[in-house]
Amino acid sequence: MDEALQEKAIDGILEVSEEFTLESGNPLFAPDGESRYNIYLLLSGRLTVQDKETRETISREMLVPSNTVNVVGEIAWLLKSKRTADLVARGNTQLLRIDGARLDEYLAENTDIGYPFMRNLAILLAQRMGGMR
């Protein structure tokens with residue numbers, strides 16, 4: 001993606017996003033499903049993955065590596081499906097909430113950005129799957 005297009009993409013995504021702090025012990029996903037299709041970028045802090053039903057920890061903590069982006073909620077956004085796990089803050093955690101519905105509209109209106117965005121998301125998911133081996 002050329003620099004001008006990349007800048008346009010970042011600006012557009014930031015327009016449908018907001019940064020916020022999730023306080024220690026609080027779950028990321030609202031019980032009422034309000035945040036069902038949002039995507040989140042973990043900016044700083046730690047999250048633990050928990051089963052939505054039992055509240056048991058099912059994965060070790062997610063941290064912010066210095067050289068990568070930690071994206072969460074992308075599967076529910078892509079599939080428009082129910083979340084099967086929750087993320088709980090371990091210490092105050094900074095996130096960027098990308099409004100999924102507004103992101104859909106933005107990508108539909110800006111097809112020049114849609115393909116590179118989805119390709120980068122696919123690469124991120126493939127890398128995550130590769131790390132599961």
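Here a residue counts as exposed when its relative accessible area is over 50%, a cut-off that comes in handy in the first view of this predicted model.

**View 1. Glutamate 15, out in the open.**
Let's start with a residue of helix H1, glutamate 15. Its relative accessibility is 60%, so glutamate 15 counts as exposed. Now look across to isoleucine 98, which sits 83 residues away along the chain. The C-alpha atoms of glutamate 15 and isoleucine 98 are separated by 8.9 Å.

**View 2. The whole protein, end to end.**
Take a step back and you can pick out 4 helices and 7 strands. Walking from the N terminus, you meet the elements in the order α-β-β-β-β-β-α-β-β-α-α. Of the 133 residues in the protein, 38% count as buried. How are contacts spread along the chain, if we take those between residues at least 6 apart in sequence? Of these, 78% join residues at least 24 apart.

**View 3. An open sheet of 4 strands.**
Follow the strands across and you get the order E1-E7-E2-E5, with antiparallel pairing. Which strands stand at the edges? They are E1 (17-22) and E5 (70-72), and each has a single partner strand, so one side of each is left without a neighbour in the sheet. From one strand to the next, the twist averages 30°.

**View 4. Strand pairs, bridge by bridge.**
Zoom in on E1 and strand E7 (residues 93-98): these two run antiparallel and are joined by 6 bridges. Here glutamate 19 stands opposite leucine 96 of E7. Leucine 96 also turns up as the bridge partner of leucine 41. That second pairing brings in strand E2 (residues 39-44), which runs antiparallel to E7 and is joined to it by 5 bridges. Next door, E2 and E5 share 3 bridges, again in the antiparallel sense. Look there for tyrosine 40, which stands opposite valine 72 in E5.

**View 5. Helix H1 meets helix H4.**
The axes of H1 (residues 3-15) and H4 (residues 111-130) come within 10 Å and cross at roughly 90°. The two helices are therefore roughly perpendicular to each other. Which residues meet here? From H1 come Leu5, Lys8, Ala9 and Ile13, and from H4 come Asp112, Ile113 and Phe117. Sorted by class, this contact has 5 nonpolar residues, 2 charged ones and no polar ones.

**View 6. Helix H4 and what it packs against.**
H4 has 20 residues and reaches 29 Å from its first C-alpha to its last. That is close to the 28 Å expected at 1.5 Å a residue. Its buried residues are Ile113, Gly114, Pro116, Phe117, Leu121, Leu124 and Leu125. What do the buried residues of H4 pack against? Their neighbours are H1, E5, helix H2 (74-79) and helix H3 (100-109).

**View 7. Lysine 80 and its positive phi.**
Finally, find the loop between H2 and strand E6 (85-89), where lysine 80 lies. Most residues other than glycine have a negative phi. Lysine 80, though, has a phi near 55°, a positive value. Is lysine 80 buried, exposed or partly exposed? With a relative accessible area of 36%, lysine 80 is partly exposed.

Definitions and conventions: Residues are numbered from 1 along each chain as its sequence is written. This is a predicted model: local features need pLDDT of at least 70, side-chain atom pairs count only at pLDDT 80 or more; totals for chains, interfaces and linings use all residues. Side-chain values use heavy atoms; hydrogens and water are left out. Axes are lines fitted to C-alpha atoms, for helices over the stretch in contact, and angles run from 0 to 180 degrees between N-to-C directions. Angles under 35 degrees count as roughly parallel, over 145 as roughly antiparallel, 65 to 115 as roughly perpendicular and the rest as oblique. Contact means heavy atoms within 4.5 Å. Ala, Val, Leu, Ile, Met, Phe, Trp, Tyr, Cys and Pro count as nonpolar, Asp, Glu, Lys and Arg as charged, and the others, Gly among them, as polar. Two strands pair if DSSP finds at least two bridges between them. The expected span of a helix is 1.5 Å times one less than its number of residues. Buried means under 20% relative accessible area, exposed over 50%, partly exposed in between (1.4 Å probe, protein chains only).
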